[in-house]
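Subject: Handover of a structure and notes on its contents

Dear colleague,

Please find below the structure that I am handing over to you. My notes follow it and are arranged by topic.

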Amino acid sequence: MIDRGQAFHEQDPEVKKAFYRRDHTRRVRYESNYDLLTWRDSLIISMGFSDHIDADEIPSACRTIAIEYIKHVTNLGDTLFELLSEALGLKPDHLTALECNNGRHFICFYYPACPEPELTSGIYNHSDATFLTILLQDQLGGFQVIHENQWVDVQPIAGALLVNIGDLLQIVSNNKFKSVNHRVLAKRVGPRISVGWFCVGGSVPPKLYGPIKELISKENPPLYRDFLVSDYIKQYLSKEHGTSGLDYFKL
Ligand SMILES: O=C(O)CCC(=O)C(=O)O
Ligand SMILES: [Fe+2]
């Protein structure tokens with residue numbers, strides 16, 4: 001997947017141009033220098049509105065492997081949601097019944113070598129506005145998480161996947177799970193390739209989420225108000241970089 005993702009990003013710009021769009025309703029799109037604060041390009045396949053992927057829409061450089069990868073990572077996500085449900089003391093299908101595994105986005109990132117890495121970042125400090133994120137990274141390194149107020153390198157391990165809890169899972173679990181702040185450093189060496197699988201929950205028709213009722217009691221009152229994923233994302237995007245939308249939904 002890493003090799004074919006790199007192959008897509010290293011094609012002639014004329015070929016990539018066909019996928020370049022800023023229209024977020026498009027299911028397959030290529031973004032370059034999206035917000036100028038990040039030193040990376042992205043190939044996005046959104047399955048947010050429907051699960052069906054039209055193979056012809058996916059760039060031929062990575063089509064076969066991307067379809068295969070999405071199938072496997074979606075299965076893995078389903079299994080993780082079962083385990084996470086059980087860890088909360090709920091039935092295994094609880095989180096999938098809430099459609100936390102829906103609203104999936106596959107993104108293949110390309111972080112080019114950067115001549116002045118101290119002036120930018122691969123992706124700035126943030127937590128994900130997702131329920132769950134599964135990442136595949138190459139061997140270059142640069143991914144860091146905050147641990148005890150310090151940035152700690154997450155060393156790549158060949159064949160390993162990185163799983164991050166996102167803000168939305170923190171809310172529905174009423175803080176039993178915590179989303180993690182992370183970033184990717186820009187580097188003089190590159191490119192770094194990573195592949196993310198993000199799921200932001202059911203949004204068609206819009207679904208109201210909030211702390212799971214079974215986790216609420218007199219001793220554990222709800223810490224957040226109910227919200228629509230679209231409202232959460234709107235709030236998240238309106239914030240300064242490095243702050244999540246969690247505070248806005250706190251009771
Ligand atoms: O590229 C990576 O390894 C992480 C990307 C990331 O954190 C994000 O896009 O939210
Ligand atoms: Fe992230």
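How far does a polar side-chain atom of R192 lie from an oxygen atom of ligand 1? The separation is 2.8 Å. Please bear in mind throughout that this is a predicted model.

Surroundings of ligand 1

The residues that surround ligand 1 include R40, F109, Y111, L135, F143, V184, S194 and F198. H126, D128, H182 and R192 also belong to these surroundings. Besides the contact made by R192, there is one from R40, whose side chain places a polar atom 3.1 Å from an oxygen atom of the ligand. H182 takes part as well: an N or O atom in its side chain is 3.0 Å from an oxygen atom of ligand 1.

The iron site

Three residues coordinate the iron ion (ligand 2) at 2.1 Å: H126 and H182, each through NE2, and D128 through OD. Along the chain, these donors follow the spacing H-x1-D-x53-H. H126 belongs to strand β4 (residues 123–126) and H182 to strand β9 (residues 182–184), so this pair ties together parts of the chain that are 56 residues apart in sequence. Both histidines are withdrawn from the surface: H126 is buried at a relative accessible area of 11%, and H182 is buried at 4%. H126, D128 and H182 thus appear twice in these notes, as donors to the iron ion and among the residues around ligand 1.

The four-stranded sheet

The two histidine-bearing strands, β4 and β9, are part of an open sheet of four strands, with the order β4-β9-β6-β7 and antiparallel pairing. Its edge strands are β4 and β7 (150–153), each of which pairs on one side only. On average, neighbouring strands of this sheet are turned by 25° against each other, direction ignored. Within the sheet, β9 and strand β6 (residues 143–147) run antiparallel and are joined by three bridges. One position to look at is F143, whose bridge partner in β9 is V184; F143 and V184 are also among the residues that surround ligand 1.

The loop between β6 and β7 holds two residues with a notable backbone angle. E148 lies in this loop and has a positive phi of about 50°, although it is not a glycine. N149 is found in the same loop, between β6 and β7, and has a positive phi of about 65°, again without being a glycine. Both are exposed, E148 with a relative accessible area of 67% and N149 with 78%.

Strand β5 and its partners

Strand β5 (residues 132–137) is largely enclosed by the rest of the structure, because six of its six residues are buried. Both of its faces are covered: L132, I134 and L136 are buried on one side, and T133, L135 and Q137 on the other. This strand pairs in the antiparallel sense with strand β8 (residues 161–165) over five bridges, and L136 stands opposite L161 there. Six bridges join β5 to strand β10 (residues 192–199), also in an antiparallel arrangement. In that pairing, L135 stands opposite G196.

Between β9 and β10 there is a loop that contains P191. A cis peptide bond joins G190 and P191, with omega at about 5°.

Strand β1

Where is V28 placed? It is in strand β1 (residues 28–32), and V28 counts as buried at 3% relative accessibility. The strand is mostly covered, with four of its five residues buried. β1 pairs with strand β2 (residues 41–46) in the antiparallel sense over five bridges, and the bridge partner of R29 in β2 is I44.

Cysteines

How many disulfides are there? The count comes to zero, with a disulfide taken as a pair of cysteine sulfur atoms within 2.5 Å. For C100, the closest cysteine sulfur is that of C199, at 7.7 Å, which is too far for a bond. For C114, the closest is in C108, at 19 Å, again too far for a bond. Both C100 and C114 count as buried, C100 at 0% relative accessibility and C114 at 3%.

With kind regards

Key: Residues are numbered from 1 along each chain as its sequence is written. Chains are lettered from A and ligands numbered from 1 in the order in which they are written. This is a predicted model: local features need pLDDT of at least 70, side-chain atom pairs count only at pLDDT 80 or more; totals for chains, interfaces and linings use all residues. Side-chain values use heavy atoms; hydrogens and water are left out. Donors are N, O and S atoms within 2.8 Å of the metal (3.2 Å for Na, K and Ca); water is not among the atoms, so sites may look incomplete. Buried means under 20% relative accessible area, exposed over 50%, partly exposed in between (1.4 Å probe, protein chains only). Two strands pair if DSSP finds at least two bridges between them. Axes are lines fitted to C-alpha atoms, for helices over the stretch in contact, and angles run from 0 to 180 degrees between N-to-C directions. A residue is near a molecule or strand if one of its heavy atoms lies within 4 Å of it. A polar contact is a pair of N or O atoms within 3.5 Å; within protein, one must be able to donate a hydrogen and the other to accept it, and residues adjacent in sequence count only if both atoms are side-chain atoms.
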